[in-house]
Amino acid sequence: MPSPGGSYSQLRTYAMMDPLKIPDAIRLCHTDTSITIHDKWPKGMYHALVLPRVLPPYTMHDLADLRTVLALPRAQAHALLLGLKRDALEAKKVIENEMELTHSFAWEIRMGFHALPSVEHLHLHLISSDMIGEAFKTKKHMNSFHPKMGFFLDIDEVLRWFEPDIEPSWFAMVAALDKKTYAPILKEDMRCPICEATHATVPKLRKHLTAHFQKMKDEATERELAKLMAMNYDDPNLLQVAPEPDEPTDAAAEGEGEADAAESSTSTENGLKRKHGEGDGPEVIDVDALPEPPQAKRQQVAAPSDS
DNA sequence: GTTCTAGAAC
DNA sequence: GTTCTAGAAC
């Protein structure tokens with residue numbers, strides 16, 4: 001049955017189409033049973049949707065959302081979700097490749113459902129953990145993807161509901177996906193999905209998240225450098241060359257004296273010293289001859305903003 | 001889901 | 001005065 005307005009939702013249309021007829025700009029990949037598309041309004045730098053195709057034994061109506069899927073015979077529901085996860089893992093690899101090509105490193109991609117979706121046809125979100133996609137604009141957007149607030153249901157959490165030790169009464173309760181339980185979550189105060197710091201406005205949280213991302217990227221660059229150095233020289237002394245930054249890079253994007261991402265900077269400990277391999281390398285290396293650590297970049301970004 | 005905008009917050 | 005949210009309309 002068409003949705004109000006007389007036409008199928010865009011997602012449902014894609015789920016009923018021949019995947020090859022979906023434009024390349026929209027389609028990320030597909031399998032016999034699913035199609036993965038780029039989210040039209042990305043809330044993370046990378047954001048895709050895995051859609052189950054409408055094929056027997058499932059009807060269009062069965063696949064309306066997670067609640068209708070969970071109401072199917074247990075084995076059918078389980079098989080569908082397992083298939084979606086399998087295909088999502090493939091799509092995740094495609095995105096990770098893209099991350100490597102564009103940013104020289106890959107970061108976390110979360111996979112899960114919204115407890116109360118606002119578009120018809122089941123869709124599994126694949127969203128990069130940065131949460132600084134161009135379409136992230138409201139508190140509701142943030143809360144609906146926060147990994148701990150409960151509205152975003154990780155695929156593995158949903159699959160756990162099918163395990164043998166789960167009480168049928170518990171399954172019935174969670175599978176109901178009751179609006180009264182989940183809708184209020186969207187109104188709660190916004191918390192950073194990475195460090196849980198609260199932020200009063202969206203622009204402030206965006207700045208904060210941008211700082212988290214820059215820091216994560218800097219640390220990935222340092223790890224890569226340390227790895228290269230360990231491979232080339234394998235000298236324990238050399239590995240100390242890349243300094244621990246005293247000044248957190250986050251100060252840059254943070255602007256005025258806001259509580260910032262600096263709290264998480266204890267995680268800067270990134271195993272530089274442990275990284276060197278076995279075997280005996282050559283002895284002393286001229287430090288000045290080594291490639292420069294990414295300090296210039298960091299300083300440039302961390303220009304003082306004490307106003 | 002987005003866009004628009006009144007008025008609250010700063 | 002400007003920024004930002006939140007509710008209505010779509």
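UniProt, in an unreviewed entry, places the feature "domain: Aprataxin C2HE/C2H2/C2HC zinc finger" at residues 150-215. The model described here is predicted, and over residues 150-215 its chain is 48% helix and 11% strand, with the end C-alpha atoms 27 Å apart. Chain A as a whole is divided into domain 1 (10-188) and domain 2 (202-301), and the points below take up the contact between these domains, the nonpolar core, the surroundings of the two DNA strands, and some local backbone features.

**Domains and their contact**

- Between the two domains, 10 residues of domain 1 are in contact with 9 residues of domain 2.
- On the side of domain 1 that touches domain 2, the residues divide by class into 5 nonpolar, 2 polar and 3 charged.

**The largest nonpolar core**

- The largest nonpolar core holds 47 residues, of which A48, V50, L51, A88, L124 and L126 touch the most other members.
- Helix α3, which spans residues 74-103, gives the largest share of this core, namely 7 residues.
- Because domain 1 (10-188) and domain 2 (202-301) both give residues to this core, the core lies between them.
- L124, one of the residues that touch the most other members, has contacts with L49, V50, L84, A88, M111, F113 and I155 when residues up to four places away in sequence are not counted.

**Surroundings of the DNA strands**

- Around DNA strand B lie W41, S118, V119, A135, K140 and S144, and by class the surface near this strand has 3 nonpolar, 2 polar and 1 charged residues.
- Around DNA strand C lie K139, T201, V202 and P203, and the surface near strand C is made up, by class, of 2 nonpolar, 1 polar and 1 charged residues.

**H141 and helix α4**

- H141 belongs to helix α4, which covers residues 139-145.
- H141 has 18 other C-beta atoms within 10 Å, and it is therefore classed as partly exposed; the partly exposed class falls between the limit of 20 or more for a buried residue and that of 12 or fewer for an exposed one.
- Once its neighbours within four places in sequence are left aside, H141 is in contact with K43 and F136.
- H141 and M190 are separated by 49 residues in sequence, while their C-alpha atoms are 9.8 Å apart in space.

**Backbone features in loops**

- As general background, most residues other than glycine have a negative phi, and most peptide bonds are trans.
- The peptide bond that joins P56 and P57 is cis, with an omega of about 5°, and P57 has its place in the loop between β3 (47-52) and α2 (66-70).
- S104, a residue other than glycine, has a positive phi near 65° and is found in the loop between α3 and β4 (109-114).
- S104 counts as exposed because it has 11 C-beta neighbours inside 10 Å, where the exposed class takes in residues with 12 or fewer.
- M131, likewise a residue other than glycine, has a positive phi near 55° and lies in the loop between β5 (124-128) and α4.
- M131 counts as buried because 26 C-beta neighbours lie inside 10 Å of it, the buried class requiring 20 or more.

Note on methods. Residues are numbered from 1 along each chain as its sequence is written. Chains are lettered from A and ligands numbered from 1 in the order in which they are written. This is a predicted model: local features need pLDDT of at least 70, side-chain atom pairs count only at pLDDT 80 or more; totals for chains, interfaces and linings use all residues. A nonpolar core is a set of buried Ala, Val, Leu, Ile, Met, Phe, Trp, Tyr and Cys residues joined through C-beta atoms within 7 Å. Helices (H or I, at least four residues) and strands (E, at least two) are DSSP runs, numbered from the N terminus. Domain bounds come from an automatic or database domain assignment. Two residues are in contact if their C-beta atoms, placed from the backbone, lie within 7 Å. A residue is near a molecule or strand if its C-beta atom, placed from the backbone, lies within 6 Å of it. Ala, Val, Leu, Ile, Met, Phe, Trp, Tyr, Cys and Pro count as nonpolar, Asp, Glu, Lys and Arg as charged, and the others, Gly among them, as polar. UniProt positions are given in the numbering used here, feature names are shortened, and annotations may be inferred rather than shown by experiment.
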